[in-house]
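The following exercises concern a protein model and its ligand. Each task is followed by a solution in steps.

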Amino acid sequence: MLEKLVLTGAMGRLGSYLREPLSKLCKELVSTDILDAPDALYDGERYVQADLADFDAVNDFVKGADMVVHFGAIGDEAPFEVILGPNIIGAYNIWEAAYRNGVRRVVYASSIHAVGMHSKTDCIGVDVAHRPDTFYGLAKCFTEDLARLYWDKRQLEAVCLRILSCAQVTSTRALGSYLSYDDLIQLVTRSIDTPVTEFTVAYGVSDNDRATVDNSAVSFLGYRPKDNAEQYADAMFDEAPPVDLNDPGERFQGGPFAKIELGASGHAIMNIIDDRLTSTENKL
Ligand SMILES: NC(=O)c1ccc[n+]([C@@H]2O[C@H](COP(=O)([O-])OP(=O)(O)OC[C@H]3O[C@@H](n4cnc5c(N)ncnc54)[C@H](O)[C@@H]3O)[C@@H](O)[C@H]2O)c1
């Protein structure tokens, strides 16, 4: 069992599903976010409220950690100046603090939007060139490169998880991009318990019939997704508007992010259901 794990973005939607399983993998889970503390904590969990852009605060909560699971970020497209602090400087702070404190590995919530301008018909592998669709995706590219740099020069391991759509299925695009919460938990767990990862990139996607990405090069992670969005296909096609072949949102991996203006919210044109776990639902 690990001594200490750190989870950033712990008060976010994905963080809310990761806190409990991660708390079981270590003696101490430090959950951190810029938001106020949750109503209740899991056994072995401690909460630290901190801004990722504040190096001293990051350095403090990283001390003594075996690994960091870095999910904290602005999770949507926004003006570059808004992305810069949390997503770019925040990422640098995590890797630099991890290096200074002898952390072994960072597991990072990257995104399909790092490669969002590739065509959906290309079935891209994990070694495809960066092709961001937004400033948000550009920050994910920066952080993947930062992770590779710290592996190449400083032997700090990293697993960058290019998550597609970890949310309820509400569109035909999600039939290919869906990642269930159970599969997310399995993917993060494998990213932690695989003995050696060096620098690894993997896609965060369930076992969808219509998946548009290829994880075969990272089978050593032992990630074997159990869920498949195909069960929602009939319902999604019944509701779907006619397809416009010239719509970048249909053609490219990034979906709606591929068609919005730089700096404009992608979430504003997506129907993302906020089903984050609350303390009460999770019967703490
Ligand atoms: N949900 C998805 O489908 C998806 C897809 C691809 C990548 N991701 C990535 O996964 C991670 C989690 O996504 P989510 O859907 O839970 O998003 P979310 O917005 O619900 O959670 C992100 C959390 O980061 C925190 N945060 C933002 N700025 C911060 C700062 N300056 N300091 C400290 N904390 C800060 C927020 O308060 C929030 O609780 C993000 O990095 C996101 O980019 C998510």
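A residue is taken to be near the ligand if one of its heavy atoms lies within 4 Å of it. The model is a predicted one.

**Exercise 1. Determine how many residues surround the ligand, and state how the shell divides by class.**

Step 1. Applying the cut-off yields 25 residues around the ligand. The closest are Arg 13, Leu 14, Asp 33, Tyr 136 and Cys 166.

Step 2. Sorted by class, the shell comprises 14 nonpolar, six polar and five charged residues.

**Exercise 2. Identify polar contacts of the ligand, and state what share of its accessible area the protein covers.**

Step 1. A polar contact requires a pair of N or O atoms within 3.5 Å.

Step 2. In the side chain of Tyr 136, an N or O atom is 2.5 Å from an oxygen atom of the ligand.

Step 3. Two contacts involve the backbone: a polar backbone atom of Cys 166 is 2.7 Å from a ligand oxygen atom, and a backbone N or O atom of Ala 73 lies 3.2 Å from an oxygen atom of the ligand.

Step 4. On its own the ligand has 820 Å² of accessible area, of which the protein covers 87%.

**Exercise 3. Find which elements give two or more residues to the shell around the ligand, and which gives the most.**

Step 1. The elements that meet the first condition are helix 1 (13–23), strand 5 (105–111) and helix 4 (135–154).

Step 2. Strand 5 gives the most, with three residues.

**Exercise 4. Describe the order, pairing and edges of the sheet.**

Step 1. Strands of a sheet pair through backbone hydrogen bonds, in either a parallel or an antiparallel manner.

Step 2. Here seven strands form an open sheet with parallel pairing, in the order 3-2-1-4-5-6-7.

Step 3. Strand 3 (45–49) and strand 7 (199–204) are the edge strands, each pairing on one side only.

Step 4. On average, neighbouring strands of this sheet are turned by 20 degrees against each other, direction ignored.

Step 5. As one pair, strand 1 (residues 2–8) and strand 2 (residues 26–33) run parallel and are joined by six bridges. Leu 5 stands opposite Leu 29 in strand 2.

**Exercise 5. State which strands helix 4 and helix 6 meet, and at what angles they run.**

Step 1. Helix 4 lies across strand 5, strand 6 (157–163) and strand 7, and runs at about 155 degrees to strand 5.

Step 2. Helix 6 (residues 181–193) packs on the sheet and touches strand 1, strand 4 (67–70), strand 5, strand 6 and strand 7. The direction of helix 6 makes about 165 degrees with that of strand 6.

Note on methods: Residues numbered from 1 in each chain as written. Predicted model: local features only at pLDDT ≥ 70, side-chain atom pairs only at ≥ 80, totals over all residues. Heavy atoms only, no water. Polar contact = N/O pair within 3.5 Å; in protein donor to acceptor, adjacent residues only side chain to side chain. Areas by Shrake-Rupley, 256 points an atom, 1.4 Å probe, with all protein chains shown as cover. Helix = DSSP H or I, 4+ residues; strand = E, 2+ residues; numbered from the N terminus. Nonpolar A, V, L, I, M, F, W, Y, C, P; charged D, E, K, R; others polar. Pairing = 2+ DSSP bridges. Axes fitted to C-alpha atoms, helices over the stretch in contact; angles between N-to-C directions. Contact = heavy atoms within 4.5 Å.
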